[in-house]
Amino acid sequence: MLTVPGVIAALEAMHGHREWHWWPEKPPFEVCVGAILVQNTAWTNVERALERLRDARALDPARMAALSDAELESLVRPSGQYRQKARKLRAFLATCAGAGGLDRLLALPAAELRSRLLQTWGIGPETADCIVCYAGRQPALVVDTYTARLFRRLGMGPAAEGYSAWQEWLVSSLPAVTDERAAERYARVHALVVLHAKHLCRKRNPRCGACLLWGACTVPDAPGPRLETGGRVSRTEQTV
Ligand code: SF4
């Protein structure tokens, strides 16, 4: 029977070698800014905005705070909804200042950090968990529409919808580990789900022929792998 750890192992085999924009070497402030800018847009647009911020030497809390509203809005414009996003960045900077700086904010225990982020204008659960996980490197499992799409296609998931329902279901489906291992694992699980959604399990025209999960997938017309000699593998021939 297909299990969540089995799915993650298959994702690791398919995508473990790929680049991910939030692997640990990324500076924490850049992760926080990216997590806010990526709301309602594609990562490629965020990269353009980050590039402009980098060129303006504004990927630093003090330098960003010193920008005028017009300057900040202009720099983040490629990420869309630029007025709102500039305002959200200002709100995040105020939260950092209230904690005594970014380092102190990120060093708070995960629950306290998440709570302060959720009290910040423009930061919801997904953005907060991205910051806790990839900037604070503390245990927080990010779930999103990619998570729901993949596991629903595999006939898995919680009875209810919603962010908390998906997060609780996924956390409880993974083996329990120490906090330190959990932080690392959660970061990897979310990255692998996103990489799978972008490379193979796309919303339209998923590339099922290259997917190791095809044999267990419930998408009825998912085109399966091709044999080298032509024809297709049947679902019973392929196991995860
Ligand atoms: S077989 Fe296709 S639809 Fe199913 S999980 Fe793989 S890529 Fe997604």
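## Worked exercises: salt bridges, domains and cysteines

At 34% relative accessibility, glutamate 112 is partly exposed. Keep that residue in mind for the first exercise, and remember that this is a predicted model.

**Exercise 1.** Which residue meets the side chain of glutamate 112 in a salt bridge, and where do the two lie?

Step 1. The partner is arginine 116, with an N to O distance of 2.8 Å.

Step 2. Both residues sit in helix α8, 4 residues apart, or about one turn of the helix.

Step 3. Now check the accessibility of the partner: arginine 116 has a relative accessible area of 29%, so it is partly exposed.

Step 4. Follow arginine 116 one step further. Threonine 95, in helix α6 (residues 82-98), has Arg116 among its contacts beyond four places in sequence, along with Leu105 and Thr120. With Thr120 there is also a side-chain polar contact of 2.7 Å. Threonine 95 is buried, because its relative accessibility is 14% and the cut-off for buried is under 20%.

**Exercise 2.** Compare the salt bridges of arginine 188 and arginine 83: which parts does each one tie together?

Step 1. Start with the total: the whole structure has 9 salt bridges.

Step 2. Arginine 188 pairs with glutamate 12, their closest N and O atoms being 2.7 Å apart. Since arginine 188 is in helix α12 and glutamate 12 in helix α1, this pair ties together parts 176 residues apart in sequence. Both ends are partly exposed: arginine 188 at 27% and glutamate 12 at 31%.

Step 3. Arginine 83 pairs with glutamate 73, and here the closest N and O atoms are 3.7 Å apart. Arginine 83 belongs to helix α6 and glutamate 73 to helix α5 (residues 69-76), so the parts tied together are 10 residues apart in sequence.

Step 4. The ends of that second pair get opposite labels: arginine 83 is exposed at 55%, while glutamate 73 is buried at 19%.

Step 5. For a linked set, look at Lys26, Glu30, Glu51 and Arg54, which form a network of salt bridges.

**Exercise 3.** What does the interface between domain 1 and domain 2 look like in numbers?

Step 1. Set the bounds: the domain assignment gives domain 1 as 4-16 + 142-199 and domain 2 as 28-135. Their C-alpha centres lie 24 Å apart.

Step 2. Count contacts: 10 residues of domain 1 touch 7 residues of domain 2.

Step 3. Get the area: about 630 Å² is buried between the domains, and carbon and sulfur atoms give 64% of that. On the domain 1 side, Val142, Tyr163 and Ala187 lose the most area, together 62% of what that side buries.

Step 4. Sort the polar part: there are 0 salt bridges across the interface, but 4 residue pairs in polar contact.

Step 5. Assign helices: α11 (163-173) and α12 (179-199) each supply at least two residues of the domain 1 side. The top contributor is α12, with 5 residues.

**Exercise 4.** How many disulfides are there, and what surrounds the case of cysteine 32?

Step 1. The count is 0 disulfides.

Step 2. For cysteine 32, the nearest cysteine sulfur belongs to cysteine 96, 6.5 Å away. A disulfide needs the sulfur atoms within 2.5 Å, so this pair doesn't qualify.

Step 3. Cysteine 32 is buried at 0% relative accessible area, and cysteine 211 counts as buried at 10%.

How values were computed. Residues are numbered from 1 along each chain as its sequence is written. This is a predicted model: local features need pLDDT of at least 70, side-chain atom pairs count only at pLDDT 80 or more; totals for chains, interfaces and linings use all residues. Side-chain values use heavy atoms; hydrogens and water are left out. Buried means under 20% relative accessible area, exposed over 50%, partly exposed in between (1.4 Å probe, protein chains only). Domain bounds come from an automatic or database domain assignment. Contact means heavy atoms within 4.5 Å. Buried area is the accessible area (1.4 Å probe) that two parts lose on being put together, summed over both. A salt bridge is a side-chain nitrogen of Lys or Arg within 4 Å of a carboxyl oxygen of Asp or Glu. A polar contact is a pair of N or O atoms within 3.5 Å; within protein, one must be able to donate a hydrogen and the other to accept it, and residues adjacent in sequence count only if both atoms are side-chain atoms.
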